[in-house]
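Q: Could you take a close look at the disulfides of this chain, and set them against the buried parts around them?

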Amino acid sequence: MKLRKQVTVCGGAIFCVAVFSLYLMLDRVQHDPARRQNGGNFPRSQISVLQNRIEQLEQLLEENHQIISHIKDSVMELTDTGAVSPSGHLPFRSANGSWVLPFDRRPTYLAIKSQDCQFASRKYSRVANNFMLDVYSLLKFDNPDGGVWKQGFDITYEANEWDNEPLQVFVIPHSHNDPGWIKTFDKYFTDQTQHILNNMVVKLAEDPRRKFIWSEISYLSKWWETAEPQKQEAMRKLILEGQLEIVTGGWVMTDEANAHYFAMIDQLIEGHQWLERNIGVTPRSGWAVDPFGHSATMPYLLKKSNLTSMLIQRIHYSIKKHFSSTRNLEFMWRQAWDTGSSTDIFCHMMPFYSYDVPHTCGPDPKICCQFDFKRLPGGRINCPWKVPPKPIVEANVAERAQLLLDQYRKKSKLYRSKVLLVPLGDDFRYDKSLEWDQQYINYQKLFDYMNSHPELHVQAQFGTLTDYFNALYKTTGVAAGSRPADFPVLSGDFFAYADREDHYWTGYYTSRPFYKSLDRVIESHLRGAEILYSLAVATARHEGMEGRYPVTDYSLLVDARRAVGLFQHHDAITGTAKENVVIDYGNKLLRSLIGLKRVIINAAHFLVMKNRDFYRFYQTEAFLETQERLCLVKVLVNTVRVRVLTEDGQTLPVQLSAQWGSATQMSAEVFQATFMARLPPLGLAVFHLYDSADSPMTLRSDTLLRLSSRSVTARASDPLPVHSQLADPQSFYISSQFLTLGFSGSTGLLESIKRKDDSKEVKVQIQFMVYGTSPSKDKSGAYLFLPDGKPKPYNQKEPPVVRVVEGPLFSEVVAHYQHFEQTIRIHNVPGVDGLSIDISTMVDIRDQSNKELSMRLSTDIKSDDIFYTDLNGFQIQPRRFYQKLPVQGNFYPISSQAYIQDSRHRLTLHTAQALGVTSFESGQLEVIMDRRLMQDDNRGLGQGLKDNKRTENRFRLLLERRSFGEPLIFPSIVSHMTSAILNHEVLPLPVVPKRRGIPPLKTFAPLMSKFPCDFHLLNLRSIQNKQDGLTPSPYTALLLHRLALDCSIEAQNLGFNCTTTQGQLNVSSLFKNLDLQLLQPVSLTLMYSSTPLANHSTISLDPMEISAFKLKLR
């Protein structure tokens, strides 16, 4: 499934779509029979294209308020300034081998205010008591036997400790419902979840003392769709009266390692918007018991959504033990960049192995299991410790209550307050009416006994999560969400997670990379569709055409939001579900992709019409047709005679190259035409492609095949010239005006990078490595990474076929190996696109057994044992390689980038998909590309990973020169933009010719003023109609993220005007031809509204801040 070829583009605050319109026109030139012989059955047509500009940000003053002089950048700076074209035409190749292209006459400049650099460069006073990197340095990571609490220690207490302040115990019944894992989402719902929710409505109503919590809105919404009105009302009553609490309230309980922050926010908005419309409730507390490690991004998002407290569970057992021994299991979780306390959220960490009943009442699972009354004798499950529960009767209640209270007291000794949280549940619990009775009736007898005996000094009851937090705040004398006196502050994250021994859950960072990649493609489409749809609907309202625009497309957006949201579940994007469940996720994503293309097509159709009076929406036929293409801008054509014109008739340079069917065989019917385009922010641009006689602006790529023997040669009939030679071990090079790359003559893989502005060649050597799995009984699986030591170099008997392609716009080297094909490309264009190296690796390990393939970068950068990885594409986390940890314990998740640096250079590997990364030695980065494992790893899945697909992993490699300062934890402006162009590519949309002809089209450029270049437009999301949820309201949510910039990296020409404004933005002057009628700050998930601002107001964001605003545009 080649879904990579068609994608949207966004950069910073940029969303770009290229739309190609095909006109069937009569060719006035006489029919040329030679044309068909040359493969030229290309329609004699003008192919009119819509595309977007990655142009950004505007004129401003430097610190001294002087206007930055406009620097006129050519599309290519001339390396040979005295070069003269022999024919007088551009482009041409000068004597020194460099390409000379026509100038892009637009001046560009870079004006980042010094104040906008101070945030990243300031020294942080370590207000937090616990920085996780420091905690890691402190711990031994040993695993001594702790007794009944195997991973902990013996807990003791004095009998009179609660005499003055009784212990308050809140037992919180819950049922963890995975939206897909062993069964599909729909199968789980049919078999179990609907029964849990049906029983909940009945059983909670039987006794007002009963409480319950629920997390997954995806399931609740599905139940709601078919529930009778009286059941809906009963559910609503339970929630509003506090017996049932909705915790977190996301569409799913999101994974926190692989998920991108766009999708994490989007699924949270989707859940909260559903709750607002159907129930009228706002979640207060976060509940995350099953994600495999916890990211620092999540507390920030919850805080911005106005939640006050949160709970986490799956954390390395050594860290749990350390925090238990220091009574630091409850803390204020603060963002690493926050020098105050504005990002603080109160967090409760569960202390024991699991969230099931045996591991939640106290330190001894043998005893706690006796109080899981679903395991009473005669049931389907029992206690592994061989001591079953007993029904509570008058004869045993005293003894049973004392036994349980002892566990409660011991657990409470790990915390600072005399309020105790005790979860009571497990996966898909309470699906039978019998279990509701078993748990609630037996526990109520225990509570009644405890509460009626004052000498026990305990008050026990069922509670919700917020009941617990409220009681804690009350006893500590602080407002909800505030820091109780003497409670610690923590910054950092909780990766990597190990649940026992050396069993690190670091394999899932890479498991099933095909679907991780597909997820990001669809997220990019979703963002693009949201923005275009919002602009199209607002434009239709502005022009009085509401009735003629297909607002019904909103239901397609809702479907896509929910499909993407579902896939953020911690057994979906993680690659840890059964094979049939993975296929179900894939089908849902594919259907949503088709729907998103329809939304994009319809919005583009409307927005590019030169005269919208002629606009008609036809439900049954496509005006535009999307084609899956990988764009530079690159389009597939079926002739080598191509000319590209801009909307105003200027001819653009075009590079023609082959489409290859194998390492040595090119297609005779399909070719690639690559051209350079400047595209409007958030817009659509029109270009025209002609089948015409050769133009001096159209140049064919030079292709060289480096072969190991003469037995393989290029065919003489190839329509584009191909040369071949015997490979030798001598290094060879490709160059652009900005970069020179060196390659090994033996392997065809990258060896070095030299920037034009740097005299030093930097060693950057790519090598592929292979991991086996442990020879012991415990082996790697979908979750666990248990390698057989450090990796071994990848070897194959036959030397690779290496293809070298050079031309005026791009050059590339393609190395063909048995299990992967790596393409390394540089773009000969000014600005961001030409400053980094495009790396595409097609991986296919379907014939392997218990192997994991990695790509290692070895450099001469002196990074020591420090490297940096992103968290969810939102922030950067420093990491350290620890010898005291096993290989698998030194791997971390990346969603968007990892880098190493020294005083001179920073090397960043940007990624378009989530994977696992490490740095074994100074100057190294290593990323796992795919894993094929033949066995289960005993974490409940019951399968290995044997459904691998041929998967393209895409990267951008950026080498930057550092000029000053300490190591910083923020990307440069170039790095931010590089990540954006990698993750949001251009989407070409050809216009389908119709008998009635194609109406005139024009560029759509919606912005009147441009975003500051440290602003990222996260989304422009049409808000639901509260009545039905499937049509849009008149309101739009504007989500903005202000990026923090590392200015110690030397600034480069970005190819567009870049200015910063100290976080200021005037929204009313942003959109062209639209009136702003409402500007209202809201919480991140739109549930809490502040006082509306005056429409002309300037909004202000701090670096790293994500803010949301409700707009009314028309």
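A: What follows treats the disulfides one by one and then turns to the nonpolar cores, a short helix and a single acidic residue.

The model is a predicted one, and the disulfides in it come to 4 when cysteine sulfur atoms within 2.5 Å are taken as a pair. Counting the bonded cysteines along the chain, their pattern reads 1-7, 2-3, 4-5, 6-8.

Cys117 and Cys1047 are joined with an S to S distance of 2.0 Å. This pair links distant parts of the chain, 930 residues apart, since Cys117 sits in helix H2 (residues 115-121) while Cys1047 belongs to the loop between strand S50 (1032-1042) and strand S51 (1058-1059). The torsion about the S-S bond of Cys117 and Cys1047 is about -80 degrees, and the disulfide is therefore left-handed. The two ends fall into separate accessibility classes: Cys117 has a relative accessible area of 16% and is buried, whereas Cys1047, with 24%, is partly exposed. The boundary that decides this is 20%, because buried means under 20% relative accessible area.

Cys361 and Cys368 form another disulfide, with their sulfur atoms 2.0 Å apart. The link of Cys361 and Cys368 is left-handed, with -90 degrees about the S-S bond, and both Cys361 and Cys368 are buried.

A further disulfide joins Cys369 to Cys383, with 2.1 Å from S to S. The torsion about the S-S bond of Cys369 and Cys383 is about -105 degrees, so this disulfide is left-handed. Cys369 and Cys383 both lie in the loop between helix H10 (365-368) and helix H11 (397-412), so the pair ties together parts that are 14 residues apart in sequence. Cys369 is buried at a relative accessible area of 0%, and Cys383 is buried at 6%. Cys347 also counts as buried, with a relative accessibility of 0%.

Turning to the nonpolar cores, the largest has 252 residues, and Tyr408 and Phe494 are those with the most contacts inside it. Helix H14 (residues 513-542) gives the most to this core, contributing 14 residues. Apart from this core lies another, of 26 residues, which includes Ala663, Met666, Leu679 and Leu707. In soluble globular proteins, nonpolar side chains tend to be buried together. Setting aside residues up to four places away in sequence, Phe494 touches Met132, Gly293, His294, Ile312, Ile315, Ile319, Phe323, Phe331, Trp333 and Met349.

Helix H8 (residues 297-304) is largely enclosed by the rest of the structure, because 6 of its 8 residues are buried. The buried residues of H8 are Thr297, Met298, Pro299, Tyr300, Leu301 and Leu302. Just after H8, Asn306 takes a positive phi of about 75 degrees.

The acidic residue to consider is Asp437, which lies in helix H12 (residues 433-451). Asp437 counts as partly exposed, at 23% relative accessibility. When its neighbours within four places in sequence are left aside, Asp437 is in contact with Lys203, Glu206 and Asn442. From C-alpha to C-alpha, Asp437 and Phe373 are 9.2 Å apart in space, although 64 residues separate them in sequence.

Key:
Residues are numbered from 1 along each chain as its sequence is written. This is a predicted model: local features need pLDDT of at least 70, side-chain atom pairs count only at pLDDT 80 or more; totals for chains, interfaces and linings use all residues. Side-chain values use heavy atoms; hydrogens and water are left out. A nonpolar core is a set of buried Ala, Val, Leu, Ile, Met, Phe, Trp, Tyr and Cys residues joined through side-chain atoms within 4.5 Å. Buried means under 20% relative accessible area, exposed over 50%, partly exposed in between (1.4 Å probe, protein chains only). Helices (H or I, at least four residues) and strands (E, at least two) are DSSP runs, numbered from the N terminus. Contact means heavy atoms within 4.5 Å.
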